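The following exercises, each with a worked solution, introduce the reader to one protein model. Please study the sequence and the structure before beginning.

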Amino acid sequence: MVLQASHYEILGLEAKCDISEVKRAYREKLLSSHPDKNQDRKQSPQIGDGVSIEKIKQAYRVLSEPEKRKRYDLLLAESYKKHGFHNTGEGLDSFSLDDFDYSTDSEDFSMDCPRCQAKKGFELTEDMLEQNAIESPNGGYLIVVQCSACSLWLQVTYDVVED
Ligand SMILES: [Zn+2]
């Protein structure tokens, strides 16, 4: 199953990017997709190949407006769930929520990224777990998350602990 490139992928952004990163990426993509700037394409191989200026503009329109972006994020999460993301379970490293540190202050789970070593590259709130986790085929639950600093995706498994 091949998913269409997400708005984030079209702009080369991480899912947690802020609005200034969205704007900058948009300007850069627009410039580098311009037909007169073909030489720039070589420096940004992720564009070209079917990413039209229209798609870049559409991605920007959604990601630059908080309300639209929120709805889009939900849709995206849904479609990842439906499609199991492009390689959920296969190829993704699997971690247990026990590998995460739980902070009682911020009430979230965090882990340094095993690839880029970003401090708390992976953060999971209880809301995220409630809203985005799916039942794991091996029992318990799993959630697929992306590092906030690099493009690494991990699947995180956990069992529900009854209070
Ligand atoms: Zn990372």
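**Exercise 1. Describe the setting of Lys 120.**

Solution. Step one concerns accessibility: Lys 120 is partly exposed, because its relative accessible area is 40% and the class lies between buried, under 20%, and exposed, over 50% (1.4 Å probe, protein chains only). Step two places Lys 120 in the loop between S3 and S4; strands are DSSP runs of E with at least two residues, helices are runs of H or I with at least four, and both are numbered from the N terminus. Step three turns to the backbone: Lys 120 is not a glycine, yet its phi is positive, at about 50°.

The model is predicted, so local features require pLDDT of at least 70 and side-chain atom pairs pLDDT 80 or more, while totals for chains, interfaces and linings use all residues. Residues are numbered from 1 along each chain as its sequence is written, and side-chain values use heavy atoms, with hydrogens and water left out.

**Exercise 2. Determine whether Gln 117 is buried or exposed, and describe its backbone.**

Solution. Gln 117 has a relative accessible area of 56% and is therefore exposed. Gln 117 also lies in the loop between S3 and S4. Its phi is positive as well, at about 65°, although Gln 117 is not a glycine.

**Exercise 3. State the overall make-up of the protein.**

Solution. First, the protein contains six helices and seven strands. Second, their order along the sequence is α-α-α-α-α-β-β-β-β-α-β-β-β. Third, 35% of the 163 residues count as buried. Fourth, consider the contacts in the protein with a separation of 6 or more: 51% of them are between residues 24 or more positions apart, where contact means heavy atoms within 4.5 Å.

**Exercise 4. Which residues coordinate the zinc ion, and why is the arrangement called tetrahedral?**

Solution. Begin with the donors: the SG atoms of Cys 113, Cys 116, Cys 147 and Cys 150 coordinate the zinc ion at 2.3 Å. Donors are N, O and S atoms within 2.8 Å of the metal (3.2 Å for Na, K and Ca); water is not among the atoms, so sites may look incomplete. Next, examine the angles: the four donor atoms subtend 105 to 113° around the zinc ion, and the arrangement is therefore tetrahedral. Four donors earn that name if all angles lie between 85 and 135 degrees. Then read the spacing of the donor residues in sequence, which is C-x2-C-x30-C-x2-C. Finally, compare two of the donors: Cys 113 is buried at 1% relative accessible area, whereas Cys 116 is partly exposed at 32%.

**Exercise 5. Trace the open sheet of three strands.**

Solution. The strand order is S2-S3-S4, with antiparallel pairing; two strands pair if DSSP finds at least two bridges between them. Strand S2 (101–103) and strand S4 (122–125) are the edges; each has a single partner strand, so one side of each lacks a neighbour in the sheet. On average, neighbouring strands of this sheet are turned by 25° against each other, direction ignored; the axes are lines fitted to C-alpha atoms, for helices over the stretch in contact, and angles run from 0 to 180 degrees between N-to-C directions. Strand S3 (residues 108–111) is joined to S4 by four bridges, and Met 111 stands opposite Phe 122 in S4. In strand S2 lies Ser 103, which is buried at 17% relative accessible area. The side chains of Ser 103 and Ser 106 share a polar contact of 3.0 Å: a pair of N or O atoms within 3.5 Å, where within protein one must be able to donate a hydrogen and the other to accept it, and residues adjacent in sequence count only if both atoms are side-chain atoms.

**Exercise 6. Trace the open sheet of four strands.**

Solution. The order here is S1-S7-S6-S5, with mixed pairing. Strand S1 (93–96) and strand S5 (134–135) are the edge strands, each pairing on one side only. S1 and S7 run parallel and are joined by four bridges, with Thr 157 as the bridge partner of Ser 96. S6 and S7 run antiparallel, with six bridges, and a hairpin of six residues joins them. Strand S7 (residues 153–158) is largely enclosed by the rest of the structure, because five of its six residues are buried.

Methods: Four donors count as tetrahedral if all angles lie between 85 and 135 degrees; four count as square planar and six as octahedral if opposite donors are over 155 degrees apart and all others between 65 and 115; anything else is irregular.
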